[in-house]
Amino acid sequence: MQPRNMSMSGVVDLAAVKAAQEAKAKAEQARAEAARQGGTGAISPADLVIDVDEAGFERDVLQRSAEVPVVIDFWAEWCQPCKQLSPVLERLAVEYDGRILLAKIDVDANQMLMQQFGVQGIPAVFAVVAGQALPLFQGAAGEQQIRQTLDQLVQVAEQRFGLTGLTVDPDAQPGGAERPEVPAGPYDALLEAAVRALDAGDLGGAVQAYKNVLSDDPGNTEAQLGLAQAELLQRVQGMDPQQVRKDAADKPADVDAQIAAADLDLVGGHVEDAFGRLIDTVRRTVGDDRDTVRRRLLELFEVVGPEDPRVVGARRALARALF
């Protein structure tokens, strides 16, 4: 495959659309076959990062790109910047929860792929979307830049090609096997204590209990959600709602005032108002202020839940505001 440069804005490439349709048809056939054989189609978070070679490139990258944007990390063992960039990409691949798939290609063992993509130096990061290749960046980019690039990639893949990503099952084992049932985990007592603390209004105790779980098990989704909720309640505790809303109305450029009002909006059940307020603030800000607002918005997404349609819509709006 000879990669093509494809802008993430502008007119739709008709050849790319045709290729996407063909690739999606193949992917749908594969999913149907897996369903007939009893598979669920869900994958483990560990399967979001894969090693790819020349022999498996068509299967693991081209065909999968009909379901999800495939980000390619060209690296080598001797490359020091690669050792800084690759762990960030791997962590983000898991964090994006099926919206991207990370394919790692060792250039020393796959010289042909390196040449076909026109890689001049490493680390180099490309993406393949519906069979079409595009360069993302070269060198050890900062995490904020990487996030912005991935957000834009996900948005384009969904809006232009209808790619909705992969279903990730945290209870699945790598390779698609289901995880066997196990006895109650070691964190059940801590999680129960956190819930009791929340019910009793002991927000500090609940926050600490959830943090204790996450210190040993960072991927514990129940603790992640509980911590986001407890911290939100802790932030609004003692607020004067009337004063907070007055400050937000009087100071539209004040990041702290808008964030506080958004927290109140969410606690009051005004989810779309909270999201809209922060997205508007992202549009008006730059630099550290913008990143502060973006991070708080992502925290509120966690409180509501990633599958909620309001979160899905707000993620798209955030991507548009950032670019």
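Is Glu143 buried, exposed or partly exposed? At 29% relative accessibility, Glu143 counts as partly exposed. The value falls between the cut-offs of under 20% for buried and over 50% for exposed. The model is predicted, and Glu143 is a useful place to enter it.

Start with the partner of Glu143. Its side chain meets that of Arg91 in a salt bridge, at 2.7 Å from N to O. Glu143 belongs to helix α5 (residues 143–161) and Arg91 to helix α3, so the pair ties together parts that are 52 residues apart in sequence. Arg91 is also partly exposed, at 40% relative accessibility. The two residues do not stand alone. Arg91, Glu95, Glu143 and Arg147 are linked in a network of salt bridges.

Now follow helix α3 back to the strands. Strand β2 (residues 70–75) and strand β3 run parallel, with six bridges joining them. The chain leaves β2, passes through helix α3 (residues 80–95) and arrives at β3; this β-α-β crossover is right-handed. For a point of register, take Val70, whose bridge partner in β3 is Leu101.

Strand β3 (residues 101–106) has another parallel partner. Strand β1 (residues 49–51) pairs with β3 over three bridges. Here Asp51 stands opposite Lys104 of β3. How many of the six residues of β3 are buried? Five are, so the strand counts as mostly covered.

Strand β2 holds Asp73. Where does this acidic side chain sit, buried or exposed? Asp73 is buried, with a relative accessible area of 0%. Its side chain makes a polar contact with the side chain of Ser86, at 2.7 Å. Beyond its neighbours within four places in sequence, Asp73 is in contact with Ser86, Leu89, Leu102, Ala103, Lys104, Ile105 and Ala124.

Next to Asp73 in the sequence comes Phe74, and here the aromatic side chains enter. The structure holds five aromatic pairs. One of them joins Phe74 and Phe126 edge-to-face, with 5.8 Å centre to centre and 85° between the planes. Phe74 lies in strand β2 and Phe126 in strand β4, so this pair ties together parts that are 52 residues apart in sequence. Both rings belong to buried residues. Phe74 and Phe126 are also members of one aromatic cluster, together with Phe57 and Phe117.

Phe126 leads on to the hairpin. Strand β4 (residues 124–129) pairs with β5 in the antiparallel sense, over six bridges. Val129 stands opposite Gln132 in β5. Two residues lie between the strands of this hairpin, and Ala130 takes a positive phi near 50°. Strand β5 (residues 132–138) is mostly covered, with five of its seven residues buried.

Return to helix α5 for a second salt bridge. The side chains of Glu158 and Arg316 meet at 2.3 Å, N to O. Glu158 lies in helix α5 and Arg316 in helix α13 (residues 309–322), so the contact ties together parts that are 158 residues apart in sequence. Glu158 is partly exposed, with a relative accessible area of 26%. Arg316 is partly exposed too, at 34%.

A third salt bridge brings in other helices. Glu299 and Arg235 meet through their side chains at 3.7 Å, N to O. Why does this pair tie together parts 64 residues apart in sequence? Because Glu299 lies in helix α12 (residues 287–304) and Arg235 in helix α8 (residues 221–236). Glu299 is partly exposed at 34% relative accessibility. Arg235 is partly exposed at 23%. The structure holds 20 salt bridges, including the ones described here.

Helix α12 also takes part in an aromatic contact. Both Phe74 and Phe126, met earlier, are buried. Phe275 and Phe301 likewise form an edge-to-face pair, at 5.0 Å centre to centre and 85° between the planes. Phe275 lies in helix α11 (residues 271–284) and Phe301 in helix α12, so the pair ties together parts that are 26 residues apart in sequence. Phe275 is buried, with a relative accessible area of 2%. Phe301 is buried as well, at 1%.

Definitions and conventions. Residues are numbered from 1 along each chain as its sequence is written. This is a predicted model: local features need pLDDT of at least 70, side-chain atom pairs count only at pLDDT 80 or more; totals for chains, interfaces and linings use all residues. Side-chain values use heavy atoms; hydrogens and water are left out. Buried means under 20% relative accessible area, exposed over 50%, partly exposed in between (1.4 Å probe, protein chains only). Helices (H or I, at least four residues) and strands (E, at least two) are DSSP runs, numbered from the N terminus. Two strands pair if DSSP finds at least two bridges between them. A crossover is right-handed if, with the strands pointing away from the viewer, the path from the first strand over the helix to the second runs clockwise. A salt bridge is a side-chain nitrogen of Lys or Arg within 4 Å of a carboxyl oxygen of Asp or Glu. A polar contact is a pair of N or O atoms within 3.5 Å; within protein, one must be able to donate a hydrogen and the other to accept it, and residues adjacent in sequence count only if both atoms are side-chain atoms. Contact means heavy atoms within 4.5 Å. Rings of Phe, Tyr and Trp (its six-membered ring) pair if their centres lie within 6.5 Å; planes under 30 degrees apart count as stacked, over 60 as edge-to-face and the rest as tilted.
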